[in-house]
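Let's take a walk through this one together, starting at one end of the chain and working inwards and outwards from there. Have the viewer open as you read.

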Amino acid sequence: MNFILYSDVNDSSISQSLGRPEYSYYFVLKAYRPVLESLGRVHVVSAVAEVDALYQQHLAAGEDSLFLCFTPPHKTPNNLQCPMVCVVAWEFDSIPAEHWDNDPRHDWSQTLARHGRVITLSSHTAQAIRRTLGQDFPVLVLPTPLWERFAEVREQYPSTPINPGTTLQIKGCILDSRPMGLSADGLIAPIFNEQELEIRGLNLEAPAPEPEAPPPPPPLTLRRRAFISKHYLREIYRALKHNALLWYREAARDLVPEAVRPHLARLRSAPPAPAPAPEPLQVPTTLSETLELAEHPQANLPDTSQHVEIDVSGVVYVSVFNPDDGRKNWHHLITAFCWGLRDAADATLVLKMTQNDLSTYYVELITLLSQLSPFSCRVVILHGYLQDDEFARLYGAASFYVNASRCEGLCLPLMEFMSCARPVIAPNHTAMADYIDERVGFIVKSSHEPTIWPEDARILYRTLRHRPDWGSLKTAYEQSYAMAKKRPEDYQAMASAANQRMRDYCSFAPVQQRLAQFLALPPGDQSTPLAAAVGTTAC
């Protein structure tokens, strides 16, 4: 059997794709690959256009092929000759069974029915699909096989409730709440009177330099008049086009024949506006500007190009997530920790951000920590890229892994830390219901709330997710800290249970066996390839 694999994100684009909605599929493909290699030959293509050519080549040689597409169903091709199966990570209560914007691809039920079978990462996703396509629809629940990959981490960093001290390193930047001097007063611009300025040793008697007169505007030559006219004519055209499209959508769309609507729909997206000219660098030129920057160092983004390190110890909680992912509920992660353990100086929360752009969350994060101050516990943020050995140290530093998500399609980091024999704090909803219970961690209670399908441009409530209970999360922090400090034997029992759960759930042999049975293939080589690297990301 030849397995042809494709993901929108590949080895060459992953470093620029962190944070994209589909980037987790890349890590799922990498995790599946050793199992597929034990059952047949694997070919990874960089474009869907390569699939049928490979299929015809193998067909001519008398060999079977199967295309595994690691993308959401609405992005899978529908015109291939090669048999295919879609690998789906999905965290909501139902799948899209209707379409919008005149695009039938948004209807997952039609796409999956055409394929005839599907591979999912969790029982929760399988149930959502069967609710729409029927209980007899062929669905394989296949978690990513990763337990064996962490054997070296388990041996090198045995689980311990209280970390005696670990040095974490990263290329990027590290934000540490301890030396920040956090204060709610720092959230407002300081106002100083003359006496305060004199105390600061600032010379107020020196006369301020006279401001230079602004340069006169350039003369209105014929060329400049033409340039200005062109700019405003373009703006008038865009406004007219926008209003014409609104008129068509709201007053005339139903009068247009169905066959013509797809052609008109292409005109609905306006061309992208030209990128604004970069603003000139603001260099402080006055006393007040210099003073404001000195009092508000958080207004300047730290350098993210250096190799930096930090020491952590005590009861260490770790979480890995993309702060731009609304599912991750990271504000609750921080507020519940700082509130529940605010007097515990040896409690540390380490957050590894899987986001390239620090500016997307930096101000929000510093504001949140300032609002919570003062607190004795410690919050450390790692922003940047971790090498495999650096990620291994992060696994080893953890006393607990924490998740407070509203929904999960699998949650690879949670499974990875459990495979390193780390107890967890997590809800037991969506995909996590397959492997989270009271034996492996502290359960965060939650309840249902309505939400939208992420791709639905109509923003209509069509499905459900979960709302974690903040009080339950705070209690979990308090109880886990008390266990680590006072009941180390209970901690070790929970750590062992977490490791055993992952061995039963996502070790190589059972995953390989389930996949072979689903594809009606003979059992493959039972040896476990360990080619895939540790250190994945949220899924």
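With which side chain does the side chain of Asn2 make a polar contact of 3.0 Å? The partner is His43. Before going further, keep in mind that this is a predicted model. Asn2 sits in strand E1, which covers residues 2–7, and its side chain also makes a polar contact with the side chain of Arg41, at 3.2 Å. None of this happens out in the open: Asn2 has a relative accessible area of 1%, which is under the 20% cut-off, so Asn2 counts as buried.

Now for the nonpolar interior. The largest nonpolar core has 72 residues, and the members that touch the most other members are Phe3, Ile119, Leu414 and Tyr435. Helix H2 (residues 24–39) gives this core its largest share, with 9 residues. The core isn't confined to one domain, either: at least three of its residues come from domain 1 (2–145), and at least three from domain 2 (148–187 + 302–506). As a general point, nonpolar side chains in soluble globular proteins tend to be buried together.

One of those well-connected core members, Leu414, is also among the buried residues of helix H14. How many of the 8 residues of H14 are buried? The count is 8 of 8, so the helix is largely enclosed by the rest of the structure. If you want to click through them, the buried residues are Leu412, Pro413, Leu414, Met415, Glu416, Phe417, Met418 and Ser419. Look just past the helix too, where Ala421 takes a positive phi of about 65 degrees.

Charged groups come next. Side chains of opposite charge can pair when their charged atoms come close. In this model, the count of salt bridges comes to 18. Take Glu408 and Lys328, whose side chains meet with an N to O distance of 2.6 Å. The two are 80 residues apart, with Glu408 in the loop between strand E11 (400–402) and helix H14 (412–419), and Lys328 in the loop between strand E8 (306–321) and helix H11 (330–340). Is this pair's acidic partner, Glu408, buried or exposed? Its relative accessibility is 0%, so Glu408 counts as buried. Lys328 is buried as well, at 4%.

Compare that with Glu98 and Arg458, which form a salt bridge at 2.9 Å, N to O. This pair also links distant parts of the chain, 360 residues apart: Glu98 is in the loop between strand E4 (84–88) and helix H4 (108–115), while Arg458 is in the loop between strand E14 (446–452) and strand E15 (461–468). Here both partners are partly exposed, with Glu98 at 27% relative accessibility and Arg458 at 29%.

A third salt bridge joins the side chains of Asp437 and Arg439, again with an N to O distance of 2.9 Å. Its two ends have unlike surroundings: Asp437 counts as buried at 15% relative accessibility, whereas Arg439 counts as exposed at 56%. Elsewhere, salt bridges that share partners tie Glu98, Asp456, Arg458 and Arg462 into one network.

Two more spots bring separate stretches of chain together. Thr354 is in the loop between strand E9 (347–353) and helix H12 (362–372), and it is buried, with a relative accessible area of 6%. A polar atom of the Thr354 side chain lies 3.2 Å from the backbone nitrogen of Asn322. Then there's Gly384, in strand E10 (residues 378–385). Which residue, 80 residues apart from Gly384 along the chain, has its C-alpha atom 7.1 Å from that of Gly384? That residue is Thr304. Gly384 itself is partly exposed, with a relative accessible area of 24%.

Finish on the outside. Leu233, Ile236 and Leu240 make a nonpolar surface patch of about 330 Å². Leu240 belongs to helix H8, which runs over residues 222–252. At 58% relative accessibility, Leu240 is over the 50% cut-off and therefore counts as exposed.

Terms used: Residues are numbered from 1 along each chain as its sequence is written. This is a predicted model: local features need pLDDT of at least 70, side-chain atom pairs count only at pLDDT 80 or more; totals for chains, interfaces and linings use all residues. Side-chain values use heavy atoms; hydrogens and water are left out. Helices (H or I, at least four residues) and strands (E, at least two) are DSSP runs, numbered from the N terminus. Buried means under 20% relative accessible area, exposed over 50%, partly exposed in between (1.4 Å probe, protein chains only). A polar contact is a pair of N or O atoms within 3.5 Å; within protein, one must be able to donate a hydrogen and the other to accept it, and residues adjacent in sequence count only if both atoms are side-chain atoms. Patches are made of residues with over 30% relative accessible area and no salt bridge: like charges are joined within 9 Å, nonpolar side chains (Val, Leu, Ile, Met, Phe, Trp, Tyr) within 5 Å. Accessible areas come from the Shrake-Rupley method with a 1.4 Å probe; for residues, only the protein chains shown count as cover. A salt bridge is a side-chain nitrogen of Lys or Arg within 4 Å of a carboxyl oxygen of Asp or Glu. A nonpolar core is a set of buried Ala, Val, Leu, Ile, Met, Phe, Trp, Tyr and Cys residues joined through side-chain atoms within 4.5 Å. Domain bounds come from an automatic or database domain assignment.
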